[in-house]
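Reader: Hey, got a minute to go through this one with me? Let me pull it up first.

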Amino acid sequence: MGGAARARRRELHLKERTAVSNQDGVGIRQADVVRVREAPVQETPVQETPAQEAPAGGAAQKPASTALEVDDLTVAYDSRPAIWDIDLRVPEGVLMAIIGPNGAGKSTLIKAALKLIPRAAGTVQFYGQPYERVRGMVGYVPQRGSVDWDFPTTVLDVVTMGLYGRLGWLRRPGQREQAAAMHALEQVGMQDFAERQISQLSGGQQQRTFLARALVQDARIYLMDEPFAAVDAVTERAIISIMRELRARGKTVVVVHHDLQTAAEYFDWVTLLNVEVVASGPIGETFTADNLRQTYGGRVAYLQDAQRIAGREEL
Amino acid sequence: MSAKNSKPKTKNSQDRRIWLLIGATALVAALFVPFSQLFLHVEYDYTLRTVALGGALLGVVSGVLGCFAVLRRQSLLGDALSHAALPGVAIAFLLVGRDLGLLLVGAGVTSWLGVYFIRLLTNTTRIKQDAAMGIVLAAWFAAGIALLVYIQARPDASQAGLDSFIFGQAAAIVERDVQLIAVVGAVSFVVLGLFWKEFKLITFDAEFAGASGFRVNLLNMLLSTLIVVAIVLGLQLAGVILMVGMLIASGIAARQWTNHLGQMVILSAVFGAFAGSTGAIVSAVDADIPTGPLIVVVAFLLVVTSLAFAPGRGLVWMLLRQRNDRRRFAAQTMLQDLYHYATDHGAADTAAPESFLFGVRGAAAKIGLQQLHARGQAQPRDGAWMLTSAGIEAAARDDRNNQLWSVYRQYADDLDLPSVAEDRQQEVTQVLPADAVARLERQLDRLRTAASDVTES
């Protein structure tokens with residue numbers, strides 16, 4: 001799969017991508033033309049996909065089996081690209097980890113997909129449609145450090161916030177919303193904490209609260225930003241079992257992950273990212289020592305881990 | 001299960017506390033009127049009634065909207081905004097002459113431009129928000145001062161008193177101004193009510209609000225506009241420099257007493273009304289005492305009181321809790337020390353010499369033994385301490401609980417036990433379901449038997 005992605009990249013690069021409709025990205029593209037990968041390329045037929053934001057009938061053009069499709073996505077901070085020319089296809093129903101070193105643009109990729117930060121170039125489609133049309137299908141779990149946990153509110157209230165988007169303007173959450181939020185709290189094992197003030201939560205409980213807020217959205221695809229960062233063992237187990245349950249129900253879960261040790265155990269799909277996509281595909285084929293070296297470079301600590309883990313996986 | 005049962009109770013008790021507090025604040029405010037008449041010889045003439053009512057209403061409006069400034073960590077934005085209102089007053093005066101309504105509109109416009117500019121600077125440049133606020137505050141205020149000085153140099157007499165917008169001049173407030181505060185305040189409350197859930201969401205987690213499809217920038221501007229409205233309404237009374245105090249003080253005080261946004265806002269309104277009215281009354285003791293500054297001082301006293309005494313968050317409360325914890329932990333340690341000493345030296349009621357306990361534990365031993373004695377779990381005898389039967393029972397239970405937790409930590413996966421957070425202050429038998437407890441206890445027995453087999457052989 002990694003090879004196929006690379007093949008497609010190469011082909012597109014050689015075509016100079018004149019068809020791509022990027023207003024801002026044209027200048028950056030030209031430099032990219034010369035950066036053709038030297039990796040061995042197996043020629044696979046590549047389906048040309050129009051990269052324009054899909055018009056009204058867009059859904060029909062794409063097979064429904066692609067949950068998330070990223071084309072030529074570039075995001076830059078201060079004219080330094082944080083992610084560069086990302087092409088990505090996430091099939092429906094997988095548990096996918098986005099893995100890469102610090103500063104590789106993992107969170108940036110998710111935020112750009114949700115249009116929380118401006119894109120320099122590229123398109124992102126969920127189930128063949130631009131994000132604005134399918135907001136309700138996309139659940140988001142931000143990093144828990146991104147909010148003030150001393151805000152005067154309860155756990156149940158935070159979870160209910162997951163339904164605000166669906167309620168829309170002016171409508172107030174009522175009993176039905178509260179019941180749904182309570183149900184989501186039960187799923188993450190936090191039902192006894194419903195009336196707890198959020199400043200009294202441990203880090204893991206905060207994370208589970210955020211997870212419940214996403215669950216209550218009842219989305220088709222979930223994007224989670226480092227849900228396993230600094231959580232206790234109980235929370236880690238709760239999160240992974242919920243992810244598996246979501247997959248069993250046909251949902252797609254995309255997770256920014258930083259722990260190489262657990263990646264192969266938790267996920268069935270992986271994208272290795274370091275500004276560019278190094279490889280993306282089923283974990284067995286993609287999570288290889290070679291790919292990890294390309295992602296992390298020769299950094300010893302990572303590499304030893306990676307080789308050990310990858311070696312174990314290949315056995 | 002127990003947590004579920006106690007949940008509504010804690011919620012109700014907190015609700016009740018808030019209502020009590022609101023009642024108490026209203027009572028103090030009401031009692032303050034005869035008190036001030038009798039002891040401070042305050043005369044309730046038309047001016048004072050108007051000013052006190054105006055101060056109370058303004059306290060409500062700024063208290064409610066100020067909560068959001070506090071929670072968004074934008075208290076200083078309030079300061080920048082009120083300073084930024086000054087050039088608007090001067091420009092409006094130069095353009096249309098002296099008309100209070102239009103002066104306030106002018107104030108609102110420049111203040112709002114100030115917010116917009118701060119947001120622009122923060123969003124499009126690499127300047128941080130505090131720097132953006134600082135520069136806008138200084139620049140707008142400087143422009144305002146320059147214009148005021150220029151206006152005052154003119155021979156025209158109508159400019160007299162325009163500089164009262166800097167520090168505020170409550171005595172100038174008439175009934176129409178009070179009506180204006182009431183009407184505009186009511187309108188802003190309606191807007192707040194309509195967008196309550198949106199404002200709450202962007203205040204707590206703006207990123208998630210954006211991902212949920214809300215127009216975060218628009219909502220931010222709307223909320224800032226409401227805050228500008230509150231500021232402009234208070235300019236006459238408190239002035240551009242002190243207005244920030246009215247805006248944020250009651251919100252800060254209210255936050256200490258409650259963990260619910262709705263309650264916080266209501267309480268902040270009550271505190272604001274209290275500060276506004278009593279501040280006005282106290283300032284009437286002598287005609288030379290300015291009203292705006294006194295209101296802010298009263299509001300600050302509310303903040304100090306709340307920070308000190310609010311249950312759960314207040315300093316006094318925290319000190320008490322720390323002392324209780326220290327005692328409880330000392331008692332728990334001593335219980336275990338006595339128990340282990342005794343079982344190591346024969347029977348569980350063997351007495352441990354005080355000098356030994358003090359040598360091992362120092363000051364904590366004294367606290368702990370006092371606690372155990374008071375609970376009837378330990379008693380002194382000839383310079384030594386022994387556990388009572390109740391103490392032995394408690395120690396044995398605690399000891400077993402600790403052992404069970406240790407087994408849980410090691411064998412939870414092997415025994416397929418439900419995963420819970422380890423908390424040794426709780427009894428594991430209460431935390432886990434009965435069948436899990438049974439498996440856990442069997443495992444502990446197995447380990448014990450194995451250990452004793454080893455020692456025997």
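Reader: So how many bridges join strand β1 of chain A to β2(A)?
Author: There are 8, with β1 covering residues 66–77 of chain A, and the two run antiparallel. This is a predicted model, where local features need pLDDT of at least 70, side-chain atom pairs count only at pLDDT 80 or more, and totals for chains, interfaces and linings use all residues, side-chain values use heavy atoms, and hydrogens and water are left out. Residues are numbered from 1 along each chain as its sequence is written, while chains are lettered from A and ligands numbered from 1 in the order in which they are written.

Reader: What's the bridge partner of Tyr77(A) in β2(A)?
Author: That's Arg80(A).

Reader: And in what order do the strands of the open sheet come?
Author: The 4 strands in chain A go β2-β1-β4-β5, with antiparallel pairing. At the edges sit β2 (80–91) and β5 (129–130) of chain A, each pairing on one side only. Two strands pair if DSSP finds at least two bridges between them; strands (E, at least two residues) and helices (H or I, at least four) are DSSP runs, numbered from the N terminus.

Reader: Switching to chain B: how many helices and strands?
Author: Chain B has 19 helices and 3 strands.

Reader: Why is it called more spread out than a compact globule?
Author: Because the radius of gyration of chain B is 32 Å, well over the 23 Å that the globule rule gives for 457 residues. The radius is taken over C-alpha atoms, and the rule is 2.2 Å times the number of residues to the power 0.38.

Reader: What box do its C-alpha atoms fill?
Author: For chain B, roughly 110 × 60 × 40 Å along the principal axes.
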